[in-house]
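Please open the model in your viewer with the sequence panel beside it, and keep a selection tool and a distance tool at hand. The stops below each begin with something to select and then say what is found there.

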Amino acid sequence: MGRVPKLTRADAVSAVRNPLAFIAGRWTPRPETVRRAALAALVMSVVIVVTGGAVRLTASGLGCPTWPTCTDDSLTTTREMGFHGVVEFGNRMLTYVLCAAVGWAIVAARAQKPWRRSVTRLGWAQFWIVMGNAVLGGIVVLVGLNPYTVAAHFLLSTALIAVATLTWQRTREGDAAPRPLVGKAVQQLVWVLVLASVLLIAVGTVVTGAGPHAGDSSEVYRIPIDWEAVAKLHAVLAWIVVTLTFALWFVLKAVDAPRGPLNRTRDLFVVLLLQGAIGYVQYFTHLPEALVGAHMLGSCLMWIGVLRVLLSLRERPQTSPAVLPPERSAEAALSKA
């Protein structure tokens, strides 16, 4: 192990002024480390959605009746709040875990050599979405779980998943100009698939806002429409997404597309079939909480699958070989000697 340099006063001042640059000057993560950090942020963005769904499905949405504290007199949950307070406060604490994962991705991207500014900016985009959604989550509590704010909270989480997926993809490719792997017609078909998926997710939030799981045992305002009618519209949109995915797979086979787009389309099709099966079973069994939670997880995986199909339509090779820091260059030279 190399000798650790002493921290001077100038180093301390530099660390306070620009901690990311200070870390980058003293640490170079392996490419695998950067990719794993981006993947960890993506996984946590899905976990926070699923646990948020668990809060609603256990009727713990107002387990902490105010925000940013749990009660008027306590920052944390109290014994009197019971099970619901523990669930709601636990979900709030997971936001800090999500922030830590996103922060780790930002630090790793900033310290990578050469520095990829685009990846770092994507990490910061995740951070600001998390902060915005934390505030929106507080508003959801303060307005008594108004279904429109709950829908906005979920849609912003969906945006976070989109940025996290893009960040993870960018850590696995270079910075050269993207080169399309398929023709314009196929790209347009995929964009139609993306738009249909966005509409599917948006209508799903309306089903949630009108459905029986209000998020709390008290009387909570619901969207004043027939939730079963909206659920049927949601199912129609799901079949449209499935049909588009199936058609895309056949088109990709017909044009002899590379394995990447084909494999990503196949993966998406499998996720859609499983998600559809869960959706129909939960509908005909009157929305049991466990299946609704599984359906929320499936929604996240479906969205990630759609984005991976979109991102697989181009490749971005490395512009130049990765630059190793001097100490690693010396190690490499010694290993070759």
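Begin by selecting A176, which sits in the loop between α6 (147–170) and β1 (179–180) of this predicted model. Is A176 buried or exposed? Its relative accessibility is 16%, and because the cut-off for a buried residue is under 20%, A176 counts as buried. Now add P317 to the selection and draw a line between the two C-alpha atoms: A176 and P317 are 141 residues apart along the chain, yet these atoms are separated by 5.6 Å.

Stay with β1 and select R179 together with E315, which form a salt bridge whose closest N and O atoms are 1.9 Å apart. Why does this pair tie together parts that are 136 residues apart in sequence? E315 lies in strand β2 (residues 314–315) whereas R179 lies in strand β1, so the salt bridge links those two parts of the chain. With the surface switched on, E315 counts as partly exposed at 30% relative accessibility, and R179 likewise counts as partly exposed, at 46%.

Next, select R116, R170, E173, D175 and R314, which are joined into one network by salt bridges that share partners. Within this group, centre the view on E173 and R170, where the closest N and O atoms of the salt bridge are 3.3 Å apart. Both E173 and R170 are buried, so a clipped or transparent surface may help here, given that buried stands for under 20% relative accessible area.

For another salt bridge, move to helix α3 and select R35 and E32, whose closest N and O atoms are 3.8 Å apart. These two residues both lie in helix α3, three residues apart, which is about one turn of the helix. R35 is partly exposed, with a relative accessible area of 28%, and E32 is also partly exposed, with a relative accessible area of 29%. Side chains of opposite charge can pair when their charged atoms come close. If you wish to go through the remaining pairs by hand, the structure holds ten salt bridges.

Keep helix α3 (residues 31–57) selected and add helix α4 (residues 82–111), so that the packing of the two can be examined. Two packed helices are described by the angle between their axes and the distance between the axes. For α3 and α4, the axes come within 8 Å and cross at roughly 165°. Because an angle over 145 degrees counts as roughly antiparallel, α3 is roughly antiparallel to α4. The handedness can be noted in the same view, since α3 passes α4 in a left-handed crossing.

Then turn to helix α5 (residues 117–142) and select I139, which is placed in this helix. I139 is partly exposed, with a relative accessible area of 36%. Which residues join I139 in a nonpolar surface patch? Extending the selection to V135, L142 and V143 completes the patch, which covers about 320 Å².

Further along the chain, select helix α8 (residues 227–254) and helix α9 (residues 259–284), which pack at an angle of about 160° with their axes 10 Å apart. That angle makes α8 roughly antiparallel to α9, and the crossing of the two helices is left-handed. Within helix α9, highlight V270, which counts as partly exposed at 45% relative accessibility. A second distance can be drawn from V270 to V242: their C-alpha atoms are separated by 9.7 Å, and the two residues are 28 residues apart along the chain.

Without releasing α9, add helix α10 (residues 289–311), for which the axes of α9 and α10 come within 9 Å and cross at roughly 160°. Here α9 is roughly antiparallel to α10, and α9 passes α10 in a left-handed crossing.

Finally, clear the selection and show the whole protein chain, coloured by secondary structure. It contains eleven helices and two strands, and from the N terminus on its elements run α-α-α-α-α-α-β-α-α-α-α-β-α. Colouring by accessibility instead gives the overall balance of the chain, in which buried residues make up 43% of the 337 residues.

Methods: Residues numbered from 1 in each chain as written. Predicted model: local features only at pLDDT ≥ 70, side-chain atom pairs only at ≥ 80, totals over all residues. Heavy atoms only, no water. Patch = residues over 30% accessible without salt bridge, like charges linked within 9 Å, V, L, I, M, F, W, Y side chains within 5 Å. Areas by Shrake-Rupley, 256 points an atom, 1.4 Å probe, with all protein chains shown as cover. Salt bridge = Lys/Arg side-chain N within 4 Å of Asp/Glu carboxyl O. Helix = DSSP H or I, 4+ residues; strand = E, 2+ residues; numbered from the N terminus. Buried < 20%, exposed > 50% of the residue type's maximum accessible area, 1.4 Å probe, protein only. Axes fitted to C-alpha atoms, helices over the stretch in contact; angles between N-to-C directions. Parallel < 35°, antiparallel > 145°, perpendicular 65-115°, else oblique. Left-handed = near helix turned anticlockwise from the far one by under 90°.
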